[in-house]
Amino acid sequence: MLAPYIAAGNISVKAMWHSAKRVYEETPEIEFHRSIDTFLKQLIWRDFAYHQLIHYPDIIQIPLRKQFADFPWQGTDEQLVKWKRGQTGYPLVDAGMRELWETGMMHNRVRMVTASFLVKHLLIPWGEGYGWFKNTLLDFDTANNAMGWQWITGCGIDCAPYFRVFNPFLQSEKFDPDGEYIRKWVPELSSLQAPYIHRPWEAPITVLEEAGIQIGETYPSPIVDHATARKRALQAYQEVKGK
Ligand SMILES: Cc1cc2nc3c(=O)[nH]c(=O)nc-3n(C[C@H](O)[C@H](O)[C@H](O)COP(=O)(O)OP(=O)(O)OC[C@H]3O[C@@H](n4cnc5c(N)ncnc54)[C@H](O)[C@@H]3O)c2cc1C
């Protein structure tokens, strides 16, 4: 949760780097070393983002891999609004987008899932996501945000391969098995037990009734079918890959 302070210039990244190094040297526990290494690596990602912005100032608007300029985007304005409001019918995506709106923060894992959902499941240009994060993130940072979106889309430097489509329900099953995060930000699903809370559309009608949920009424049906959207994204990415 240091990012807002770094972005606002309240704390020096060099000071953070050196104090983390000092703690590392003063602490014998190996577990602690691992944790500090992980933290330092995050600061290096930030530095990497700044190098990119200095060398490629267009990174804010233009895909670094040029063939992505012709990407066959297909999403609609209506879908974009549903993504922004956390009404996609995919609980982890909705939890993340609602947390962002209410608090101005979102964990990196959820940023990756929601960003991937926008560009790959909905085929909406990454610039729309960049703009929304710019408006809503407390820690908005031009370099980090641009790198994050280009990385997720697959059009940046050292980016996620284009065929990596984050699966929103497997991600929450893995990182939030009991659905605590979803329960907090999507209260209309709070009485639904795991594993159904990760994919409520698969829950038996009796389970939904017990939890007071009507899919399509009290909580949206999935905005797109995951398997179909994944296939469509891979086809679209194949089109630009050869260019
Ligand atoms: C689509 C997308 C958009 C993003 N937009 C921003 C943004 O506008 N501003 C922003 O600061 N970060 C952004 N990030 C990176 C990352 O999500 C945040 O830096 C992190 O969640 C902040 O939480 P923290 O301070 O607890 O980080 P920690 O894990 O404690 O890391 C410490 C610091 O390292 C830097 N850092 C960590 N992860 C990254 C990363 N992946 N890339 C670059 N720097 C990193 C941040 O300055 C962070 O405060 C984005 C990531 C994605 C996938």
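Partly exposed means that a residue has between 20% and 50% relative accessible area, with buried under that range and exposed over it. Keep that in mind for the views below, and remember that this is a predicted model.

**View 1. Lysine 82 and glutamate 78 pair up along helix H4.** The side chains of these two residues, lysine 82 and glutamate 78, meet in a salt bridge, with 3.6 Å from N to O. That falls inside the cut-off, because a salt bridge needs the nitrogen within 4 Å of the carboxyl oxygen. Both residues sit in helix H4 (residues 77-85), and because they are four residues apart, about one helical turn separates them. How accessible is lysine 82? Its relative accessibility is 34%, so lysine 82 counts as partly exposed. Glutamate 78 comes out at 56% relative accessible area, so this partner is exposed.

**View 2. Glutamate 31 and arginine 34 form a salt bridge within helix H3.** Here the closest N and O atoms of glutamate 31 and arginine 34 are 2.6 Å apart. The two residues are three places apart in helix H3, which is about one turn of the helix. Is glutamate 31 buried or exposed? Glutamate 31 has 53% relative accessibility, so it counts as exposed. If you'd like to hunt for others, a search of the whole structure finds six salt bridges.

**View 3. Arginine 98 and glutamate 188 link two parts of the chain.** Their side chains meet in a salt bridge of 2.9 Å, N to O. Arginine 98 lies in helix H5 while glutamate 188 lies in the loop between H10 and H11, so this pair ties together parts that are 90 residues apart in sequence. Now for the accessibility of each partner. Arginine 98 is buried, at 12% relative accessible area, whereas glutamate 188 is partly exposed, at 26%.

**View 4. Glu173, Arg199 and Glu202 make up one network.** Salt bridges with shared partners are what join these residues, Glu173, Arg199 and Glu202, together. Where does glutamate 202 sit? You'll find glutamate 202 in the loop between helix H10 (180-185) and helix H11 (205-210). Glutamate 202 has a relative accessible area of 46%, so it is partly exposed. For a sense of scale, glutamate 202 and methionine 106 are 96 residues apart in sequence, and their C-alpha atoms are 27 Å apart in space.

**View 5. Aspartate 94 is buried but has no salt bridge.** This residue, aspartate 94, belongs to helix H5 (residues 91-103). Which side chain of opposite charge is nearest to aspartate 94? That would be arginine 98, and it is 4.7 Å away. A salt bridge has to be within 4 Å, so a gap of that length doesn't make the cut. Aspartate 94 does have a polar atom in its side chain that lies 3.2 Å from the backbone nitrogen of glutamine 87. Setting aside neighbours within four places in sequence, the contacts of aspartate 94 include Gly86, Thr88, Val186 and Tyr219.

**View 6. Glutamine 171 is tucked into helix H9 as a buried residue.** Helix H9 covers residues 168-175. Glutamine 171 has a relative accessible area of 12%, so it counts as buried. What does glutamine 171 touch, once neighbours within four places in sequence are left aside? Its contacts are Leu92, Arg109, Val113, Phe166 and Asp176.

**View 7. Domain 1 meets domain 2.** The domain assignment of the chain gives domain 1 (3-55) and domain 2 (64-243). On the contact itself, 10 residues come from domain 1 and 13 residues from domain 2. Together the two domains bury about 980 Å² between them, and 71% of that is on carbon and sulfur atoms. Pro4, Trp45 and Gln52 supply 40% of the area that domain 1 buries against domain 2, more than any other three residues. How many salt bridges cross the interface of domain 1 and domain 2? The rule finds zero. As for polar contacts, the count between domain 1 and domain 2 is one residue pair. On the side of domain 1 that touches domain 2, helix H1 (3-7) and helix H3 (30-55) each supply at least two residues. The largest share of that side, seven residues, comes from H3.

Technical notes. Residues numbered from 1 in each chain as written. Predicted model: local features only at pLDDT ≥ 70, side-chain atom pairs only at ≥ 80, totals over all residues. Heavy atoms only, no water. Buried < 20%, exposed > 50% of the residue type's maximum accessible area, 1.4 Å probe, protein only. Lys, Arg positive; Asp, Glu negative; His and termini not counted. Polar contact = N/O pair within 3.5 Å; in protein donor to acceptor, adjacent residues only side chain to side chain. Contact = heavy atoms within 4.5 Å. Domains from an automatic or database assignment. Buried area = accessible area lost by both parts, 1.4 Å probe.
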